[in-house]
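I opened the notebook to look up a few points in this structure. The topics are the overall fold, the DNA contacts, one helix and the cysteines.

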Protein chains: 2
Amino acid sequence: MTTAPSTPNLAIFRSYASKPDPTSLPPSILLSHSETCLTVFDAFPKSIFHFLVIPRIQPPLSARHLTDLRSLLQCEKSTAREVLMNLNKEANNVKKLIEEEMMKLYKFKWDIWMGFHPISSMEHLHLHVLSADLYSPKMKLKKHYNSFHPSLGFFLHLKDVLSWFDAVPSYYQRMIKLDASHYELLLKDGDLCCWWCDRALVSMPKLKAHLHDEFDKLTTRENAKLERKRKRTDVLASSVQASATDDERPEKVARLTPIQGDGSSDPTVGGDLPS
Amino acid sequence: MTTAPSTPNLAIFRSYASKPDPTSLPPSILLSHSETCLTVFDAFPKSIFHFLVIPRIQPPLSARHLTDLRSLLQCEKSTAREVLMNLNKEANNVKKLIEEEMMKLYKFKWDIWMGFHPISSMEHLHLHVLSADLYSPKMKLKKHYNSFHPSLGFFLHLKDVLSWFDAVPSYYQRMIKLDASHYELLLKDGDLCCWWCDRALVSMPKLKAHLHDEFDKLTTRENAKLERKRKRTDVLASSVQASATDDERPEKVARLTPIQGDGSSDPTVGGDLPS
DNA sequence: TATTCCGATAGTGAC
DNA sequence: GTCACTATCGGAATGAG
């Protein structure tokens, strides 16, 4: 008899990525998959919508090449680019799904970010696909927030990483180093700045309350837009009873925001979506 | 109408020390007084018994000279010594009161420490007189504990301060400097060591649990002593019905440990005395 | 840059 | 080295057949 190690499963994405049949994963984990990728729910979503697109382990790449962004970018350049392009294709499909769900639940769409963390505790490469709000009860620590801030520098947008491939080779070589100490500083230092308005907040609770306000403002703004549009439509087409938009929605839509709440019963500012 | 300052009353001991009639203080604050000193309950006792002996402000010394130990020791040497001797006399009376209360409540006595903090936030000199246990729910922080550890160096025993006066002048001049940065390091650096057994503890909760155990051992030891003594007394004087020891106790004894508990309902290790 | 738990640390406000 | 409150920082443990 052997004793199992008392460590968390930091390689769980690798086990997903090595499955011959991703559909053996439960639907609470798997959103979708392609020949080259699979998409899972982030277990600790830092935005209202948050998924991870993971490259499947298949020739010519082994698990070792796909450990993280740095290990991928140390592979042959065209190979690395192909992996990124495959992730990009899957991520764009996920983006469409999210946008459909946004329309269903909120009646409007907002931005969706796709990008990597240059350093990660989880042992398999994963592309974050998340809605542009950073509004979630799981958003708890400064490093959580700064790791997704869209202009701080830690969150590496996929389009930027792809652009490195088209730059001069010296730039490519410099960027793919992904120096850990450089990126660590970005998370710890600097203030907490609202990614919407760039205002500095003094603490995470204050930041979360502010993000709540910003999302509320967005909702109010978009609802006012809808209201104006509805009034125009009422005037122009008051005799039309059925809308065609219903038909554009998929027959079955995955529930993309399965469980909100931080798992505790502790009521916190920003813990709930605005009503 | 004037607005009270938004600061804590760091000079409250000074206001006590300037009272022409100390008995105007309520008995929940004042324990006793003399021509030169008064003794108050420490509002946040760090031992089972904990009092502060405060020099009264009277000629030739002003409040400024009595701000803290350093300011006193910068006065003319014989004047400073006289203040310390007056504090010593009052403290010895307090010590006797505590020992009587120890006998009443615990049936045995243990050591009592008398000494100063070389740096203090409170603005008037005060001599700590406290039982040698450091066992109290108000003992919460490392700096609390280390500031009373009897051999760490921060707690300046009165008898040691008095000995400076009899040393060579160069030693006296060196000691009365009371360099703040030196003493600050003593509170922050170094481990938490049990003052009974010198064992290092890794955290305050562990230390408090250990101090609880040490006080329990003391209690058990002393109770065993008493039991042995009682058995000898039973054999030798079984015919004597009335003991003389009752008469030695004062007719009225101040309640020296007025309120235990840390003011919250939060049950903490070491928060209660051993039963 | 997995989370969670515990505790130490740091800043603030205190009427 | 006043306290009490809030929040941050820092290490260690963490799962599951």
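I took helices as DSSP runs of at least four residues, numbered from the N terminus. The model is predicted, and I read it as such.

**Surface near DNA strand C**

I asked which helix gives the most to the surface near DNA strand C. H7(A) does, with three residues.

I then looked up which residues come nearest to DNA strand C. Of the 23 residues around the strand, these are Ile119(A), Ser121(A), Ser147(A), Glu184(A) and Met204(B). Sugar and phosphate make up 47% of the atoms of DNA strand C that come within 4 Å of the protein.

I sorted the residues of this surface by type and got 11 nonpolar, seven polar and five charged.

Next I checked the phosphate oxygens of DNA strand C. Lys46(A) has a polar side-chain atom 2.9 Å from one. For a polar side-chain atom of Lys140(A) I noted 3.0 Å to a phosphate oxygen. Lys143(A) comes in through a polar backbone atom, 3.2 Å from a phosphate oxygen. Two or more residues of the surface near DNA strand C are given by each of H4 and helix H7 (180–188) of chain A, and by helix H8 (204–236) of chain B.

**Chain A overall**

I recorded nine helices and eight strands for chain A. The chain has 275 residues, and 41% of them are buried. Of the contacts in chain A with a separation of 6 or more, 64% are between residues 24 or more positions apart.

**Helix H8 of chain A**

I checked the length of H8(A), residues 204–236, against its residue count. At 1.5 Å a residue its 33 residues should span 48 Å, and the end C-alpha atoms are 48 Å apart, so the two agree.

I listed the buried residues of H8(A); among them are Met204(A), Leu207(A), Leu211(A), Phe215(A) and Leu218(A). Lys208(A), His210(A), Glu214(A) and Glu222(A) are also buried. The cover over the buried residues of H8(A) includes helix H3 (77–106), helix H4 (142–146), strand S7 (192–193) and strand S8 (200–201) of chain A.

**Cysteines**

How many disulfides are there over all chains? My search of the whole structure found zero.

I asked why Cys194(A) has no such bond to Cys197(A), the closest cysteine by sulfur. The sulfurs are 3.7 Å apart, which is too far for a bond, because a disulfide needs them within 2.5 Å.

I also looked up whether Cys194(A) is buried or exposed. Cys194(A) is buried, because its relative accessible area is 1%. Cys37(A) is at 1% relative accessibility and therefore counts as buried.

Key
Residues numbered from 1 in each chain as written. Chains lettered and ligands numbered in written order. Predicted model: local features only at pLDDT ≥ 70, side-chain atom pairs only at ≥ 80, totals over all residues. Heavy atoms only, no water. Buried < 20%, exposed > 50% of the residue type's maximum accessible area, 1.4 Å probe, protein only. Expected span 1.5 Å × (residues − 1). Contact = heavy atoms within 4.5 Å. Near = heavy atom within 4 Å. Polar contact = N/O pair within 3.5 Å; in protein donor to acceptor, adjacent residues only side chain to side chain. Nonpolar A, V, L, I, M, F, W, Y, C, P; charged D, E, K, R; others polar.
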